[in-house]
Every structure is written in structure tokens, then in C-alpha cells.
Amino acid sequence: MVENVKELLKLHELITQQVYLDNENSSLVPQEVVDTMLPYFNKIACGNPTLTHKPGWEAFEVIMNSFQKISKYVGAKNLEEITFTPGESEANNLAIMGSCFAKKSQGKKIVISEIEPINVLHTVEMMKKFGFTVTKVPVDSEGFLDMEKLGDAVDSQTILVSVAAVNNELGTIQNIKEAVQIVKDKGSQILFHTDATDAYGRIPLNVQDLNVDLATVSSYKIQGPRGIAAMYLREGVNLDRIIEGQIGTQKLWPGIENTPLVVGFTKASELVFESFEANVLKMRWLRDKLVDGLFCELDDLCFNGPRGEKRSPDNANVSVLRAEGEALTIELSLKGVYVSSGSACSRRLLQPSHVLVAIGRKFEEAHGSVLMKTTRYLTEEDIAYVLKVFPEAVNRIRHIVGSTGV
Amino acid sequence: MSRIPLPYNPKVMDLFRNPKNLGKMEDATIIAVAGNPACGDMITFYLKINEQTQIIEKAQFESYGCAANIATSSIVTEMIKGLTLQATWTDITWQKVTEEIGGLPSVKFHCGVLAVGALKRAIRKYFHDNDGGEPAWMPKENTFEEKQALEEEELANTLSKGLKPEEEKSP
């Protein structure tokens, strides 16, 4: 297996240019973030922040500074409202399981949207084993939540509602403020969680303004290091811990704080928020160039998700008809362009992306979907290169398809 | 998103990049299709059969699918060239195709199955369309690969109609 991968990598040896657009699934950490993190591995603040020695106190100071900054960037009231976790899956698990276990005596119903990310979807699915029920609220053809059905779904048994602020596949910006209002009108005690991992750094985000109780933000989605995320929990709301161990600076997540990763996440956040407007403009400019270019170069494409102001500025999701997504991702990889697809190809169950199915895309449209996200680190030249090789890749795959399925 | 890493071997990659016997065949004796676009997995085989000797003189394919689908379809056309229909029927199994291609990740076994399903469907169709009917060596019942192809097509149809897949029913 590993031998095969070595051979696969060899096939890429002649690549002269590379463009990483799979920022949905991981990201490149820019040098300035790496440089900021490096001293924290072995030079400073290497201690456990709860211990009484210099390296410990150094770590404590750094971690507190990070709590402060992240709480400011999400609009939290104070720094105790932030919990660092080793990733967004952990943060979403903590938010959902922690809420359910803390509120189990008050009800057993969880309400989510049909297009929540997998780490929310699978977590609520698992809660069924503990006697909780799950209702999924439908979305329209652009991924916007059906607010009326949300109101219908929330009842006296409901303890938690979770809806992502920006959908990770479609870039759809939900009206979270309105959704929270609808839920709180039904019961002010019902907790509202939003996965804001695709909103953080892309759209203005303020947890107090949105009036959410819980929110998840993630480091790699803003080009920080992987393996670190943060959960916001409104002051006064009680949550159960979902893993146990030595409690350090944070009561909801035990274990020794990962100072270098916390520092990297904080640095990436600083870079995003210090020039928020400019970053957003650049992401949107590159994204629009990419999408417009593809539609200009190729026929039989369909655009997934909304256009304009209600779409996250980085997100491009295009279905290439008469081409299968996995074949396309491999063909593009061989040309140095890295993307992901909602194709079902790796699964015997044959079901493609649940998000694309939920907005009414036909299976063949979902199988040919390609998801790309721009960052402020990409250049116009990068996009020009993508626009050169993408049509070549599509044309070759379509040549193999020929008349099959037409 | 496709999450399972797929360490395709060099042979699969070679046939994906440079597929052999690709394209529509204008003078095909028989054409058969298996799978459908909703599965993300579909193959068309074109066979040129010598009516006297029942030997496959030429085989070509077109494929809508992943790299494994393309590679297995291509290798099947290579494997059957020069074989009689009977030998093809008996000798070409999905296991043999998988072996010939140097192995596939287990989640991709169905690509080999679908390719052989399409092939057997083509041979069955050939005899159906001929006056002589099915020969004695051909089982009346669909083989495993033919059944799997049917099952995959039905499943995709069911799923496209909005019914929940099994995974959703029993978490």
C-alpha cells in the first residue's frame, strides 16, 4: 500500500506548478505562522501552564493571551468563554454531547439542518444511542435553512439546535440571528450551537450579536495549524465534559495545553482580523476569477450554492457534468492542482455528498462536483494556472466518458 | 467527500492515464452498458465478434467513473481480445480482473465486478439477439457479476428518488 503511494507520488515529479485549493480538508500553514510557532516547541513557554515554574508561567501567559485574542475575535464577553480543543471535530463533539448530557433531564430532542458538516451529523447520530432524537430541518436549493420548518421542529422536548453559520460545502451564509430568535421564542432555555468554522475570518462574526450559546471556530480553516480549534460557550451555560483527565487552564477540556498550536492558531487569527476587509476582498476576487474563468472555458457546468453576498467569499463549488469527481481530482493532482469532490466513489453505498443531495442536486451532478476554496495567500498567477489545466483535465476525462451515460 | 485514501498501484494509474482500447466502435457486433450515472459508475463495452468462430476480435470501452473503473474496463478489453465467448464467460471473473490489474483497494472491488457484469451482459445479449439462443454452457440465471450490476443500478435509482440509504436507517 505504501509502495503504491510512493509510485503515485513519483507520477507527480514533473509538476512545475502547484496550486492548493483543497482548503476545506486541510491547509498550508504560511511561513509567518510557522515562524511564530517554532520557538514554542523548544525555546519558550514549553512548560505546563498550570505548574509553578518559569516555563509553566510563560506558557500560562501565552495561553491567556490567546484566550483573550480569540474571545475578542469571536465577540465573546470574556476569555473564560473560550475552550481550546484539538480540532473542530472535538469542539463540535464537546458542544453537542456536552449540551445533551448537561440538559438530558429537560428533554431529548436535537434539531439540526440537513446540511450540517459530518462531525455534527455523526455526533447527533451517535446521541441516538443515548436516547436522544434528531430532527433535520430541510434547506432550499441554495442551502438556506427553511425557517418555518425550523420553528415547527423545535418543541418543548428540544434541548439543542445546531446550524452552521456558513455551510462548508456550499458557502451558504445562514441567517443565524433569525434562526436563534425563532428557537429562543419557543424556549429561551434551548441551547443554540453554530459551527462557525467556515464563517470565522470570512464574514463578520459576533457571538453576542448572533445570540448563540455555543460556537465552533477552527485553526486550519484560516490557514493556521491543524489540530487546534476553539469552542465558545456563553457565560452561565453549563456543559458536561466529554473526556476526563487532569484539568489545566480550561475546565471543559483536560490535558496539557498545546502551546505551539495555540500560538499558531492565534497568529493566523491575528493575520486574518488585522486586515479583515482586504483579506475578504482578495479571497472573493480570486474566487470570482476562478469561477468565471471555469464557466467561460467549459460547458455543462453547474454552480452549487448561492451567488453574491450570501455566499462565503472563499467558496467555489462547481459540478462538472459528464465527468466523475474522483477521476477529476486525480487528473488535476497529476497537473499540480489539488481539489476535493463530493463524489461517492470511495463508498460502496454510492451516496454522494449529503449536502448536494439535500439541495436537490441529481446524483450525477453531485458525483462531478469539485470543491475549491481560495485564500489570501493565492495569487492571480495561481488562478491562471488552474484555469489553464482544469479544462484540459475535464476534456480528457470527458473523452474517456464518450457517449456513456449521455 | 471521498475520504478513504486510495493508493492505486502503477498499473491502475497507467491505464487511467493511457487507457487502452478507448472509444466508441462503429462496427461493433454487440454493445452493452452497466451501471448508471447516478452510481457515478458506468461502463459501455463494444465487442466485435467473429460470428463463425465466436471469437472476440476487437473490444473497446467508454467509462464514466473513477480511476479504478476506467482502468478495470480497459484491462478487460485487453484480457478478452482473441478469446472465444465461452472462454471469456468462464475465465473472466472479477477476481481475475482485479488480480490482472495488480490489485485494487477493497472499496474499489465493485469496479471490477461492474466491468465483468457489463461484459457478461454483452455476451448474454449477443446470444439473445441471435436466433440460436443461449448456448448450453451459459447458465440461465444471472451470474454474481450480472446480479451485482443490476443491484447497483437499482440501488442508485432508489437513492436518487430520495429514499434514505441503509446507512441512514440503521446508524
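The expected span of a helix is 1.5 Å times one less than its number of residues. I start there because helix 10 of chain A, residues 259–274, can be checked against that rule: its 16 residues should span 22 Å, and its end C-alpha atoms are 22 Å apart, which agrees. As for its surroundings, 13 of those 16 residues are buried, so helix 10 of chain A is largely enclosed by the rest of the structure.

Before going on, I should say that this is a predicted model. Its scores are ipTM 0.90 and pTM 0.93.

Let me take confidence in chain B next. The mean pLDDT of chain B is 88, with 90% of its residues at 70 or more. Where is confidence lowest in chain B, and where is it highest? The low end is helix 7 of chain B, residues 166–169, at a mean of 40, and the high end is strand 3 of chain B, residues 55–64, at 97. Across residues 163–171 of chain B the pLDDT falls below 50, and this stretch has eight contacts in the model beyond near neighbours in sequence. Where pLDDT is low, the predicted coordinates should not be read in detail.

Now the sheet in chain A. Seven strands make an open sheet with mixed pairing, in the order 2-8-7-6-5-3-4. Strand 2 (82–85) and strand 4 (133–137) of chain A are the edge strands; each has a single partner strand, so one side of each is left without a neighbour in the sheet. From one strand to the next, the twist averages 20°.

Within that sheet, look at strand 7 of chain A, residues 214–218, and strand 8 of chain A, residues 229–233. The two run antiparallel and are joined by five bridges. One of the pairs is V217(A) with A230(A), the latter in strand 8 of chain A. The loop between strand 7 and strand 8 of chain A holds Q223(A). Q223(A) has a positive phi, near 70°, and is not a glycine. Most residues other than glycine have a negative phi. Is Q223(A) buried or exposed? The cut-off for buried is 20 or more other C-beta atoms within 10 Å. Q223(A) has 21 C-beta neighbours inside 10 Å, so Q223(A) counts as buried.

Chain B has an open sheet too, of three strands in the order 1-2-3 with antiparallel pairing. Strand 1 (30–36) and strand 3 of chain B are at the edges, each with a single partner strand, so one side of each lacks a neighbour in the sheet. Ignoring direction, neighbouring strands here are turned by 15° against each other on average.

Going through the sheet strand by strand, strand 1 of chain B is joined to strand 2 of chain B by seven bridges. G35(B) stands opposite M42(B), which is in strand 2 of chain B. The hairpin of these two strands has four residues between them, and G40(B) there takes a positive phi near 75°.

Strand 2 of chain B, residues 41–50, then pairs with strand 3 of chain B over nine bridges, in the antiparallel sense. Two of the partnerships are T44(B) with E62(B) and F45(B) with F61(B). Strand 2 of chain B is mostly covered, with eight of its 10 residues buried.

The hairpin of strand 2 and strand 3 of chain B also has four residues between the strands. Q54(B) lies in that loop. Q54(B) has a positive phi of about 55° although it is not a glycine. With 17 other C-beta atoms within 10 Å, Q54(B) is partly exposed.

What lies across strand 2 and strand 3 of chain B? Helix 2 of chain B, residues 67–80, does, running at about 175° to strand 3 of chain B. Of the 14 residues of helix 2 of chain B, 13 are buried. The span rule from the opening applies again: 14 residues should span 20 Å, and the end C-alpha atoms of helix 2 of chain B are 20 Å apart, which agrees. After helix 2 of chain B comes G82(B), with a positive phi near 90°.

Last, the contact between the chains. How many residues does each chain bring to it? Chain A brings 37 residues and chain B brings 39. On the chain A side, the elements that each supply at least two residues are helix 1 (2–10), helix 12 (325–334), strand 12 (340–341), helix 14 (363–367) and helix 15 (380–401). Helix 1 of chain A gives the most, with four residues. By class, the side of chain A that touches chain B has 14 nonpolar, 14 polar and nine charged residues.

Technical notes. Residues numbered from 1 in each chain as written. Chains lettered and ligands numbered in written order. Predicted model: local features only at pLDDT ≥ 70, side-chain atom pairs only at ≥ 80, totals over all residues. Contact = placed C-beta atoms within 7 Å. Nonpolar A, V, L, I, M, F, W, Y, C, P; charged D, E, K, R; others polar. pLDDT = per-residue confidence, 0-100. Pairing = 2+ DSSP bridges. Axes fitted to C-alpha atoms, helices over the stretch in contact; angles between N-to-C directions. Buried ≥ 20, exposed ≤ 12 C-beta atoms within 10 Å, placed from the backbone.
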